[in-house]
Amino acid sequence: MDHLRDLEIFAQVVATGGMSTAARNLGLSPAVVSKRIRRLEERLGARLLQRTTRQLALTEIGQGFYERVVLILASIENAEMWVAHGSATVRGLLRVSAPTSFGRMHIAPHLKGVLDLYPALTVDLVLSDDFVDIIRDGFDLAIRIADLENSSLIARRLAPNHRILCASPAYLARHGTPECIDDLSGHVLLSHMAAEWQLEGPEGSRHVRVDSRLKTNSSEVVREAVIAGIGIALRSTWDVGPEVKSGSLVQILPEYTGSKRVIIQAVYPSRRHLEQKVRAFIDYFQALYGDTPYWDKGLNVLSSNQGGFSTV
């Protein structure tokens, strides 16, 4: 890079016709400019400039060298402009990882809007409930519904994630409706891999052990099981909102909700040199969901200890 600076100084001296003017334009002293020109000539083993008391003139070899230096500097400038233009344009392949249910319900239906807005963008959306190492597996970003307070990844909040206890009317008719949190121990509890639920209520945080009769690695299986009347589940409103609105599911113990530290967020490896395609994707869905996501609007399942849903 030091050699490149010598070329820039040489080109400026020739373009301005003197070392003093070149030094002023470059923010250097004339002595430094003169020293850099001498060093360049010594490195090349050729005299580039003829110095007189009144002016500087290019030697024959200096003229040929100057013509080539101008082309080199112009190419570098064009390359930098190309990178700057490319980084400001939403283009290329964007690899996104997302949970299966959330991706199917709340990302896939909106991809047309993203692709229409950015015609040069290609999206590779991979849905999986398994943990994905976005760096190892080559993803640009991942959608996570979790508490990532201790994560080394950079996270941008997309939306709150409200989780409620719910069951079908048929299940409650057969087994009764729990009146307090301790009543849950006498019911069938359904969970996607979790051994316990962390709930927040009037007395603070409570942990409920979940020894489910139904074992599954699929969150969607748990969703279908609670709708079918097999038991009680802790589900996100983005997942069961339509069923609660229709009455197919009923919220129970509304004073208890899932931890508010679990939110919907986009994560990526580093905030440095964040590509425009990643930023644009995140901005699009952040604006789409907002503090009150569309799946929560019109949902009358307010927690009595909150007076409403939190917008963590």
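Which residues of α9 are buried? They are T237, W238, D239, V240, G241, E243 and V244. The views below set this helix among its surroundings in a predicted model.

**View 1. The protein chain as a whole.** The protein chain has ten helices and 14 strands. It runs to 312 residues, of which 42% count as buried. Take the contacts between residues at least 6 apart in sequence: 74% of them join residues at least 24 apart. Salt bridges number 19 in the structure. Three of them appear in later views: D6 with R36, R261 with D147 and E243 with R223.

**View 2. Helix α9 is largely enclosed by the rest of the structure.** Helix α9 spans residues 237-246. Seven of its ten residues are buried, so the helix is largely enclosed. Among the buried residues are W238, V240 and V244. D239 and E243 are also on that list. What lies over these residues? The cover includes helices α5 and α8, together with strands β5, β7, β11 and β14. Strand β7 covers residues 163-167, and β11 covers 232-236. Just after the helix comes G247, with a positive phi of about 95°.

**View 3. A salt bridge joins helices α8 and α9.** The side chains of E243 and R223 meet here, at 2.8 Å from N to O. E243 sits in α9 and R223 in α8 (residues 219-228), so the pair ties together parts that are 20 residues apart in sequence. Buried or exposed? Both E243 and R223 are buried. The pair also belongs to a wider group: salt bridges with shared partners join R223, E224, R235, D239 and E243 into one network.

**View 4. Five strands form an open sheet.** The strand order is β4-β3-β5-β14-β6, and the pairing is mixed. Which strands stand at the edges? They are β4 (121-127) and β6 (154-160). Each has a single partner strand, so one side of each is left without a neighbour in the sheet. From one strand to the next, the twist averages 25°. Strands of a sheet pair through backbone hydrogen bonds, either parallel or antiparallel.

**View 5. Strand β3 pairs with β4 and with β5.** Begin with β4. Strands β3 and β4 run parallel and are joined by seven bridges. One residue pair to find is S97 with its bridge partner V126 in β4. Now turn to β5. Strand β3 (residues 92-98) pairs with β5 (residues 141-146) in the parallel sense, over two bridges. Here V96 stands opposite L141 of β5.

**View 6. Helix α5 lies across four strands of the sheet.** The helix covers residues 100-107. The strands it lies across are β3, β4, β5 and β14 (263-268). Relative to β4, α5 runs at about 140°. Helix α5 is also among the elements that cover the buried residues of α9.

**View 7. Helices α2 and α3 cross at roughly 105°.** Helix α2 spans residues 19-26 and α3 spans residues 30-44. Their axes come within 8 Å. The crossing angle makes α2 roughly perpendicular to α3. Which residues meet? M19, S20 and A23 come from α2, and P30, V33, S34 and I37 from α3. By class, this contact has five nonpolar, two polar and no charged residues. Two packed helices are described by the angle between their axes and the distance between the axes.

**View 8. D6 and R36 form a salt bridge.** Their closest N and O atoms are 2.5 Å apart. D6 lies in helix α1 (residues 2-16) and R36 in helix α3, so the bridge ties together parts that are 30 residues apart in sequence. D6 is buried, with a relative accessible area of 2%. R36 is buried too, at 16%.

**View 9. R261 and D147 meet between two loops.** Their side chains form a salt bridge of 2.8 Å, N to O. R261 is in the loop between β13 (257-258) and β14, while D147 is in the loop between β5 and β6. The pair links distant parts of the chain, 114 residues apart. How accessible are the partners? R261 is partly exposed, with a relative accessible area of 47%. D147 is partly exposed as well, at 34%.

Methods
Residues numbered from 1 in each chain as written. Predicted model: local features only at pLDDT ≥ 70, side-chain atom pairs only at ≥ 80, totals over all residues. Heavy atoms only, no water. Axes fitted to C-alpha atoms, helices over the stretch in contact; angles between N-to-C directions. Parallel < 35°, antiparallel > 145°, perpendicular 65-115°, else oblique. Contact = heavy atoms within 4.5 Å. Nonpolar A, V, L, I, M, F, W, Y, C, P; charged D, E, K, R; others polar. Pairing = 2+ DSSP bridges. Salt bridge = Lys/Arg side-chain N within 4 Å of Asp/Glu carboxyl O. Buried < 20%, exposed > 50% of the residue type's maximum accessible area, 1.4 Å probe, protein only.
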